[in-house]
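Student: I would like a close look at a single part of this structure, namely the aromatic rings and the way they pair with one another. Could you take me through them slowly, in one connected answer?

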Amino acid sequence: MINKILKLIDLQIGEEDKNKVLENVKSNITFQGATLWILACAIVVASIGLNVNSTAVIIGAMLISPLMGPIVGAGFSLGIFDFDLLKKALKNLLTATIVSLVVSTTYFFLSPFKEAQSELLARTSPNIYDILVAFFGGLVGVIAITRVEKGNPIPGVAIATALMPPLCTAGYGLAIGNIKYFLGALFLYTINCVFICISTLLIVKLLKYPALQQVDAKRQKQVKYIITTLILTLMLPSIYFAYKLIDEKKYNQKIEVFIEKEFINKGYTILYKKIRFNSNPKKIELAFLTKKFSDQEIKSLKHTLNNYKIYNTELNIKQDTTDIKKYILNEINSGKSNLNKKYITIANLENEVKSNHYDNKAILAEVKILFPEINNLSISNHKFYENTDSLKVYPVLVYQSKTNLSNLSKEKLSLWLEKRLVKDKIEIYRLE
């Protein structure tokens, strides 16, 4: 039974000849000629994808990217102690990185669209999960390289390890002068490179590739110390960022529970919602479709935050119409609207209905006093184009009467209605 399990997980089954694998790895290290052009074009495609926030375009760019070559080469060279190959691999990786940064920076500098989309922002704060993706993605890629039958994992590895988007994001940071974006994206790119390299080294050791030259124990220890230091240097900040990410998600979950129980379940429609996690104190900003809260209600809601374990947080309910309009315009103009578009549409329709509604019953009662011959009427807004492209909306009154109104009576009725309804013009017609 144990033998069957060992055979099931044996990596040496289906393994390609080691010399052929090494030759293949060495041939994919160099960046010159066509390979460099392919890289530059892939960087442009990835930058466009990040610029327009298109996941499909970004994935397409990653599939044609040749960046994995020198990273895998560096991992193999460490595994077999081929330090000349390591120097060559690192030199070519540096060349590819510089070319990628120059191309992406140039693109984003020339692009008229400078706004940071979600696909860009996702590459500015690396965490422990990015390390796991790079490491296990690299494992899959190296295992596939060492097989006789290469199979289909390589495209998936190119997508999973995501080497190009961080480089493009770093270029974006340089183009707009945002050092935080640049350093965050470059850190993510470094994480991917290092952990793909480490996963390659692990597979090389597991498959027992022969060392190119014999290295004494002291030199081996030096290599191990360097790798360990590099891993810790990259892991510690990533663990911190992961902790921040988890903490933010827990905080957001508490806020969602608070909003659902205190507002949504009570039938209050939220028009605007924004959570400011990075401010001190943190802020929850809300605006509602129709509900108006008293000062006492707002004070009570602020105290209720503690019941949901939401601490160091300020609740800000926008109720002033001008204030809400300002926030709505800012959100729409920024392209990062948190507004519920469905409820905005409902509000617009409600306003349209209100502007089109007249109290016909009350108006009829008043009109009968002034014009007893009128026994029924109806007023509503109608659209007039007047043989032009411009649209005009006028109230139209249709009345029923025993006798037709004289021109003087019609004029008096029109003037009275204009004052009564505060309108510039009113059309009057008799229903025959």
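Tutor: Rings of Phe, Tyr and Trp (for Trp, its six-membered ring) pair if their centres lie within 6.5 Å, and planes over 60 degrees apart count as edge-to-face. Please keep in mind that this is a predicted model. When the whole structure is searched in this way, 13 aromatic pairs are found.

One of these pairs is made by F263 and F293, whose ring centres are 5.8 Å apart and whose planes stand at 85°, so the pair is edge-to-face. F263 belongs to the loop between α12 (217-262) and β1 (270-276), while F293 belongs to the loop between β2 (282-288) and α13 (295-304), so the pair ties together parts that are 30 residues apart in sequence. Both F263 and F293 are buried.

Another edge-to-face pair joins Y268 and F288, with 6.5 Å from centre to centre and 85° between the planes. Because Y268 lies in the loop between α12 and β1, whereas F288 lies in strand β2, this pair ties together parts that are 20 residues apart in sequence. The two partners can also be described by their exposure: Y268 has a relative accessible area of 23% and is partly exposed, while F288, with a relative accessible area of 5%, is buried. The cut-off behind these words is that a residue is called buried under 20% relative accessible area.

These two pairs can now be placed in a wider picture, since F263, F293, Y268 and F288 are among the members of one aromatic cluster, which also includes F258 and Y308.

Rings can also have a charge placed over them, and K282 gives an example, for its charged end sits over the ring of Y251, 5.3 Å from the ring centre. A further example is K18, whose charged end sits over the ring of Y209, at 5.2 Å from the centre of that ring.

Finally, some aromatic residues take part in the surface, where Y129 and F136, together with L132, L245 and I246, make a nonpolar patch of about 430 Å². The elements that give two or more residues to this patch are α8 (128-145) and α12, and α8 gives the most, with three residues. I246 is found in helix α12, and I246 is partly exposed, with a relative accessible area of 36%.

Methods: Residues numbered from 1 in each chain as written. Predicted model: local features only at pLDDT ≥ 70, side-chain atom pairs only at ≥ 80, totals over all residues. Heavy atoms only, no water. Phe/Tyr/Trp six-rings, centres within 6.5 Å; stacked < 30°, edge-to-face > 60°. Helix = DSSP H or I, 4+ residues; strand = E, 2+ residues; numbered from the N terminus. Buried < 20%, exposed > 50% of the residue type's maximum accessible area, 1.4 Å probe, protein only. Lys NZ or Arg CZ within 6 Å of the ring centre and 35° of its normal. Patch = residues over 30% accessible without salt bridge, like charges linked within 9 Å, V, L, I, M, F, W, Y side chains within 5 Å. Areas by Shrake-Rupley, 256 points an atom, 1.4 Å probe, with all protein chains shown as cover. Salt bridge = Lys/Arg side-chain N within 4 Å of Asp/Glu carboxyl O.
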